Structure formats: C-alpha cells, structure tokens
Amino acid sequence: MVKKVSKGSSARSSNTTAGASPLAGAIKDSAQQIWLAGLGAFAKAQEEGGKAFETLVKEGLSMQRKTQAVAEERLSEATSRVSSMANDLQSKAAGQWDKLESLFEERVAKALGKLGVPSARDVDALIERIDALNAQVMKMGGMGVAGTGKPARKAAAKKTPAAKKAPAKRPAAKKAAAKKSA
C-alpha cells in the first residue's frame with residue numbers, strides 16, 4: 001500500500017532531495033514501494049511458478065478433453081444427419097429411376113409391337129402351346145420333339161389329308177414332256 005505523506009516523511013525526503021517539494025518525496029517513496037512490491041511478487045511467482053504451471057497444465061488438459069468430447073458428439077450428430085439425408089435422396093432417386101425404367105420399357109414394348117415383334121409374353125404363350133401340342137403328339141404315338149422330329153412330321157402328314165398338287169407351270173417342262181411323247 002502507498003503510504004500517506006506525513007510531516008516526518010517529508011522531512012526525511014527533504015533532507016535527501018535537498019530542497020524538493022514534499023509531494024515529490026511522496027511520489028518517490030510510493031514508486032519505491034511499488035518497485036519493491038513488484039520484486040516481491042516476482043520472487044513469490046518464482047517460488048510458486050512450478051506449482052502454478054502444473055495446475056494450469058492440468059486445467060488445460062481437462063478443458064481439452066471436455067471440448068474434444070463435445071466436438072466428437074457434434075460430429076456424430078452431423079454425420080447421422082448427413083447420412084439420413086443421403087438415404088432419403090437415394091430412396092427418392094431410386095423411385096425416380098424405377099419410374100423412368102418402367103416408362104422406357106413401356107415405350108420400347110409399344111414400338112416393338114408396332115413393328116410386329118412378339119413380346120416375351122407372346123413367346124411364352126407359344127412355348128406353352130408347342131408343349132401342349134407335343135404332348136398330344138406323344139399320346140398319338142409319335143416321338144415328338146424328343147427325337148429328331150422327322151417321324152413326328154410323317155405322323156402328322158399321315159393324319160392330314162394330302163393336298164392336291166397343282167401342276168407346275170413351266171413352259172420348258174411342257175416342251176420336254178411333249179418331245180418325249182411324240
């Protein structure tokens with residue numbers, strides 16, 4: 001603490017300052033006391049500096065752990081939010097892709113139908129019909145598709161009446177036949 005200027009101190013300071021005012025002496029004494037207080041604080045800080053430093057390091061370490069835990073928590077929250085948003089976008093995109101794919105398939109099927117190309121459903125129906133006919137042929141005694149197919153054709157040819165063959169209209173063949181008979 002700074003001492004108040006007293007008459008005794010001014011007398012002392014006047015002796016040392018040789019005619020200086022009492023205020024200047026008081027300022028000088030106050031500055032001296034501040035200097036000594038600073039030196040005392042420095043000495044005390046040197047003595048307790050190691051302890052204070054260790055205490056500050058411990059507090060800093062605990063603060064770092066707390067902030068790291070909070071940062072990790074916030075990071076996991078952000079990650080889960082982004083992940084859910086990505087899943088939502090993926091499901092929406094998949095739905096749109098399915099719609100686009102079905103639309104494309106419909107348009108291709110219409111175009112192929114206009115061109116007269118049979119659909120997979122038509123081919124499946126024909127395969128079922130062939131299988132049914134093959135089963136009937138097998139019941140009638142033919143070998144059917146399992147063999148070479150030639151006996152089944154002959155059996156089918158026997159069952160159907162022979163069509164009358166129209167004579168071929170070939171002028172060269174008629175001339176050759178006329179020459180042989182003449």
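Helices (H or I, at least four residues) and strands (E, at least two) are DSSP runs, numbered from the N terminus. The model is a predicted one, where local features need pLDDT of at least 70, side-chain atom pairs count only at pLDDT 80 or more, and totals for chains, interfaces and linings use all residues. Numbering starts from 1 along each chain as its sequence is written, and side-chain values use heavy atoms, with hydrogens and water left out.

**View 1. The end of α3.** Gly141 sits just after α3 and takes a positive phi of about 110 degrees. The 21 residues of α3 should span 30 Å at 1.5 Å a residue (times one less than the number of residues), and the end C-alpha atoms of α3 are indeed 30 Å apart.

**View 2. The whole chain.** Five helices and zero strands make up the secondary structure, in the order α-α-α-α-α. Just 5% of the 182 residues are buried (under 20% relative accessible area; exposed is over 50%, partly exposed in between; 1.4 Å probe, protein chains only).

**View 3. A nonpolar patch.** Phe104, Val108, Leu112, Leu115 and Val117 make a nonpolar surface patch of about 480 Å². Patch residues have over 30% relative accessible area and no salt bridge (a side-chain nitrogen of Lys or Arg within 4 Å of a carboxyl oxygen of Asp or Glu), with nonpolar side chains joined within 5 Å and like charges within 9 Å. Val117 belongs to the loop between α2 (22–115) and α3 (120–140), and counts as partly exposed at 40% relative accessibility.

**View 4. A negative patch.** Asp98, Glu101, Glu105 and Glu106 gather in a surface patch of negative charge. Glu101, in helix α2, is partly exposed at 39% relative accessibility.

Conventions. Accessible areas come from the Shrake-Rupley method with a 1.4 Å probe; for residues, only the protein chains shown count as cover. Lys and Arg count as positive and Asp and Glu as negative; His and the chain ends are not counted. The place of a charge is taken as NZ of Lys, CZ of Arg, CG of Asp or CD of Glu.
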